Amino acid sequence: GTMFFAEILGQKNLILMDMGGTSFDVSLINNGKVTLSTEGEIAGYRVAKPMIDINTVGAGGGSVAWLDSGGMLKVGPESAGSDPGPVCYDLGGEKPAVTDANLILGYLNKDFFLGGEMKVNLDKAKAAMEKEISGPLGMSVEEASHGVFKIINQNMADATKVVSVQRGYDPREYTLISAGGACSIHACKIAEEVGSTKVIVPKAASVFCALGMLESDIRLDHVKTYNATIPGIDLNDFNQVTAAVEKQALAELLQEGVHQDVTTLLRYLDVRYIGQHHEVTVEIPGDCLIEESHLEEIAETFHKAHEMLYTYSTRENPIEIMNLRITAVGAVEKTGMEESPVAKADAADAVKASRMVYLEDYQGKNGYFDVPVYDRDKLRPGSGITGPAIVEERITTIVVHPGWILTVD
C-alpha cells in the first residue's frame, strides 16, 4: 500500500505506521524500494526467510493501561481486544485502554463512533480510569488519560526508530504515512518525537492493509548458498549458477499465471567482511553477465551499506559472498484512483461542530480547549486547516495537533 502511494505522490522515502486495535506495525520505504530482512522471529523461533522488514509492537487502541509493582504507569502490550474491548465499548471491559483515554481527552467523538452506528460510554471510561490509574496515582482523570496518551506515543516512536535509526536511516528525511483506524490521532506526536515534519493520511487509511493486498505484485524469492570472495571469485561459475537460479525462479513465476511481459528478475548478494558473523544484502546488476568491471561496484555498494548500518567500513579488506538471492516479480494491474483538481477551497464549509479537547502546553497551559471539528468528506483539494483541529470520517479520526497545518492534495 505504501509503495502504491509512493508512486502516486512521487515520494521515495516513506515510513509506514499502522495502528489498529491491538498492534502498531511500522516499515520503511527507502529510495522507492521496500526494505527487507533475511530473517525474523515468530513465537521465539528464528525464521530465515526473506520478508518485508516490519517492526510490530503491542500498541493499539485496545492496549491496556496499568500500574506496575512500583506504581509506574505502563501501557500495553496486553490488549483488551475487540471483546470485551475498551471499557467505553460497554461490553464488559473493566481495564482502561488507549481508546478510553482518547475518548476522555476529547479526541474521539462519543456520538460519532463508526459514523454514529456504535454508541460508546464516556462515563464508564472515566470511572475505570479513576479506579485503575488516576486514583492510585493521586491525579485527575484527565491527567492520567494524557499520561496514557504520551506513553503510547513514545512506545510507537521507539518502534519507528527501530526500522529507521537502528537501520542507519534518518527519520528526519522521511515522510510518515498514517494508516490503520487509530494512528491518525497519534501521528503528529509520533512525528515530533522522531523528527519527521510531514505526515500523509490516505483516504483509505483505515483499510490500508486491504488496499495493499490489491496493489501487491506477485513475488518469489530464491536463495542459493554461494561461497566466494571478492577479489577471487570465479565469474564463469558464478554466472552459470545465477542463470540456473533465474531460470527456475522465472519458471515458477510463470506457473502462477503471470505473463512473461510483466516479469522482472532482481539479483542480490549476502556479503560480509571475512570473519564477520552477520552479512549485508546488496543489490547487483541484473540482465547481464557479471564481469570484472562490476566487482568494484559491488564491493563499493557493500562498503557504503556497511558504513550506513555500522558507522564504519574497511575498504582494504576482502569481502566474502555467502548467498545469491534471485527475486522474480510479476506486476499486477494497479487500482486506479480518481484525481481532483486542486483549487482554493474554504475549509470553513466543512466545519460540523466544535468540542473540548485536551491539549498539552497550548497557550501556555495544559487543559481543555474548544477545537473545531471538520467533516473529511466535505474537505476539498486545496483546503487548509491550522491546528489544533479534529477531522472526522466514518472509521477514523485525524487530530491536527498545535503547530501542525493540514492540507488536502
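The axes of helix α1 (residues 2-9) and helix α6 (residues 208-215) come within 8 Å of each other and cross at roughly 80 degrees. That makes α1 roughly perpendicular to α6. On the α1 side, Thr2, Phe4 and Phe5 make the contact; on the α6 side, Phe208, Leu211 and Glu215 do. By type, the residues of this contact divide into 4 nonpolar, 1 polar and 1 charged. Two packed helices are described by the angle between their axes and the distance between the axes.

This is a predicted model.

**The chain as a whole**

The chain has 409 residues, and 45% of them count as buried. Its secondary structure comes to 8 helices and 22 strands. The C-alpha trace spans about 75 × 55 × 40 Å along its principal axes. How much of the contact in the chain links residues 24 or more positions apart? Among contacts with a separation of 6 or more, such residues account for 62%.

**Strand β11 and its partners**

Strand β11 covers residues 175-179, and 5 of its 5 residues are buried. Both of its faces are covered. Thr175, Ile177 and Ala179 are buried on one side. Leu176 and Ser178 are buried on the other.

Which strands pair with β11? One is β1 (residues 14-19), which runs parallel to β11 and shares 5 bridges with it. Within this pairing, aspartate 18 has alanine 179 of β11 as its bridge partner. Another is β12 (residues 199-200), also parallel to β11, joined to it by 2 bridges. Here isoleucine 177 is bridged to isoleucine 200 in β12.

Helix α5 (residues 183-194) belongs with two of these strands: β11, α5 and β12 make a right-handed β-α-β unit.

**The four-stranded sheet**

Further along the chain, 4 strands form an open sheet in the order β13-β16-β14-β15, with antiparallel pairing. The edge strands are β13 (218-230) and β15, and each pairs on one side only. On average, neighbouring strands of this sheet are turned by 25 degrees against each other, direction ignored. Strands of a sheet pair through backbone hydrogen bonds, either parallel or antiparallel.

The table lists the pairings in this sheet.

| Strand pair | Sense | Bridges |
|---|---|---|
| β13 and β16 | antiparallel | 11 bridges |
| β14 (residues 263-273) and β16 (residues 319-330) | antiparallel | 11 bridges |
| β14 and β15 (residues 280-284) | antiparallel | 5 bridges |

Glycine 330 in β16 is a useful place to start tracing. It is the bridge partner of isoleucine 218. Glycine 330 also stands opposite threonine 263. On the β15 side, aspartate 270 has threonine 281 as its bridge partner.

β14 and β15 form a hairpin with 6 residues between them. In the turn, glycine 275 has a positive phi of about 100 degrees.

Two helices lie across this sheet. Helix α7 (residues 235-255) lies across β13, β14, β15 and β16, and runs at about 170 degrees to β13. Helix α8 (residues 292-310) lies across β13, β14, β15 and β16 as well, and runs at about 145 degrees to β15.

**Backbone details**

Most residues other than glycine have a negative phi, and most peptide bonds are trans. Some places in this chain depart from that pattern.

Where are the cis peptide bonds found? One runs from glycine 76 to proline 77, with omega near 0 degrees. Proline 77 sits in strand β10 (residues 73-79). Another cis bond joins aspartate 83 and proline 84, with omega about 15 degrees. Proline 84 lies in the loop between β10 and α2 (98-104).

Positive phi values also occur outside glycine. Asparagine 31 has a positive phi of about 55 degrees. Its place is the loop between β2 (24-30) and β3 (33-34). Aspartate 361 has a phi near 50 degrees, again positive in a residue other than glycine. Aspartate 361 is found in strand β17 (residues 351-362). Is aspartate 361 buried or exposed? It is exposed, because its relative accessible area is 60% and the cut-off for exposed is over 50%.

Methods: Residues are numbered from 1 along each chain as its sequence is written. This is a predicted model: local features need pLDDT of at least 70, side-chain atom pairs count only at pLDDT 80 or more; totals for chains, interfaces and linings use all residues. Side-chain values use heavy atoms; hydrogens and water are left out. Buried means under 20% relative accessible area, exposed over 50%, partly exposed in between (1.4 Å probe, protein chains only). Two strands pair if DSSP finds at least two bridges between them. A crossover is right-handed if, with the strands pointing away from the viewer, the path from the first strand over the helix to the second runs clockwise. Axes are lines fitted to C-alpha atoms, for helices over the stretch in contact, and angles run from 0 to 180 degrees between N-to-C directions. Angles under 35 degrees count as roughly parallel, over 145 as roughly antiparallel, 65 to 115 as roughly perpendicular and the rest as oblique. Contact means heavy atoms within 4.5 Å. Ala, Val, Leu, Ile, Met, Phe, Trp, Tyr, Cys and Pro count as nonpolar, Asp, Glu, Lys and Arg as charged, and the others, Gly among them, as polar.
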